[in-house]
Amino acid sequence: MRITQEIESGTPHGLQLLRDASREGLTLCFPGVGSAFARKNNPTCLIIAKGGRTILVDAGTSIPGTLETRGISITDFDYYHVTHSHADHIGGLEELLLYSHYVLKKKPQMILTETYRDLLWDRSLRGGCEHAVGGTLGFDDLAEFVVPDQVATEPRELYEVEVEGIRLTIFRTVHIPTGEDNTRSAFWSTGLLIDGRVLFTADTRFDQALFEQLPMDRVDTIFHDCQLYEPGVVHPAYSELKTLDADLRSKTHLTHYGDTFGEFDPAADGFAGFAQPWAVYQ
Ligand SMILES: [Zn+2]
Ligand SMILES: [Zn+2]
């Protein structure tokens, strides 16, 4: 994929621009490319568009306000997907659910596996969303669900779903490993393979096995989280990603990066570069 344009701040109908562009084919845009602790960029968040339909992947606390800078409401998307429960990925969801319920009287369509749907509600969203005047609400009072099919358990859990001609393969990542090695995680975290062509890791530790266990033959673009200080613990350090082979590196745009990005030259190190906020990738 390459950058075809940028959606500038103050653009009144940014999502319509993406919908129109996506009639040409798969289109991606990152309202945020930053880490959980970044100030120069918003937390990493991805818009997938194809054939005029849109999916928002993750919505950290500042994302509703970030979207507004391009004339987009958090409630405007056709579908939502969530990779894991850190606040830089889910902090904006309460606004999505409560504004949709009380103001718009509609239910967002959320693409969530059964396991994660229950975790997301019980451990996170329920605290702020459950109580209503005169009773309580369940997750299914506030959202509708598209439930992917589980297609593999070993060596890595995989789930698949197709919505509006967009094929998503959801794979478990090892963002917070249970032990010292990368083989298990009690923490639910996932990444996405989009149309078999674009790999988005969301948040993961450095995980070389990922590239051996996923069907990589058609992947031409990778968006990989990256930590700019050492050592990498729950994200890959830049130095670890530099050990990927040259072919993988050349396809890799770095996401989820901290504010010291000006001290790095990813192109000189064989990467495609830092992912750019509000750039339109097609
Ligand atoms: Zn994160
Ligand atoms: Zn995280």
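His235 counts as buried because 25 C-beta neighbours sit inside 10 Å of it; buried here means 20 or more other C-beta atoms within 10 Å of a residue's own, exposed means 12 or fewer, partly exposed is in between, and C-beta atoms are placed from the backbone. All of this comes from a predicted model, in which local features need pLDDT of at least 70 and side-chain atom pairs count only at pLDDT 80 or more, while totals for chains, interfaces and linings use all residues. Residues are numbered from 1 along each chain as its sequence is written, and chains are lettered from A and ligands numbered from 1 in the order in which they are written.

His235 belongs to the loop between β15 (221-225) and α8 (238-241). Helices (H or I, at least four residues) and strands (E, at least two) are DSSP runs, numbered from the N terminus. Setting aside neighbours within four places in sequence, His235 contacts Asp203, Arg205, Asp225, Cys226, Gln227 and His256, a contact being two C-beta atoms, placed from the backbone, within 7 Å. Asp20 is another story: 215 residues away along the chain, its C-alpha atom is 34 Å from that of His235.

That loop between β15 and α8 also holds Pro231, and the peptide bond leading to Pro231 from Glu230 is cis, with omega near -10 degrees. Another cis bond links Glu154 to Pro155, with omega about -5 degrees, and Pro155 sits in the loop between β10 (149-152) and β11 (158-163). Most residues other than glycine have a negative phi, and most peptide bonds are trans.

On the phi side, Lys105 is not a glycine, yet its phi is positive at about 55 degrees. Lys105 lies in the loop between α4 and β6 (109-111) and is exposed, with 7 other C-beta atoms within 10 Å. Ala202 also has a positive phi of about 55 degrees without being a glycine. Ala202 is in the loop between β14 (198-200) and α7 (209-213), but this residue is buried, with 27 C-beta neighbours inside 10 Å.

Next comes the sheet. Eight strands form an open sheet with mixed pairing, in the order β1-β18-β2-β3-β4-β5-β6-β9; strands pair if DSSP finds at least two bridges between them. β1 (3-6) and β9 (144-146) are the edge strands, each with a single partner, so one side of each has no neighbour in the sheet. β6 and β9 run parallel and are joined by three bridges, and Gln109 stands opposite Glu144 in β9.

The largest nonpolar core (buried Ala, Val, Leu, Ile, Met, Phe, Trp, Tyr and Cys residues joined through C-beta atoms within 7 Å) has 69 residues, and those with the most contacts inside it include Leu46, Ile47 and Ile48. Strand β3 (residues 45-50) supplies the largest share of this core, five residues. Not counting residues up to four places away in sequence, Leu46 touches Leu28, Phe30, Val57, Asp58 and Phe200.

Helix α5 (residues 114-129) is not straight: α5 bends by about 45 degrees at Trp121, the bend being the angle between axes fitted to the seven residues ending there and the seven starting there. The 16 residues of α5 put its end C-alpha atoms only 19 Å apart, short of the 22 Å of a straight helix, where the expected span is 1.5 Å times one less than the number of residues. Tyr116, Leu120, Leu125 and Cys129 are buried in α5, and their cover includes α4 (93-104) and α6 (139-142).
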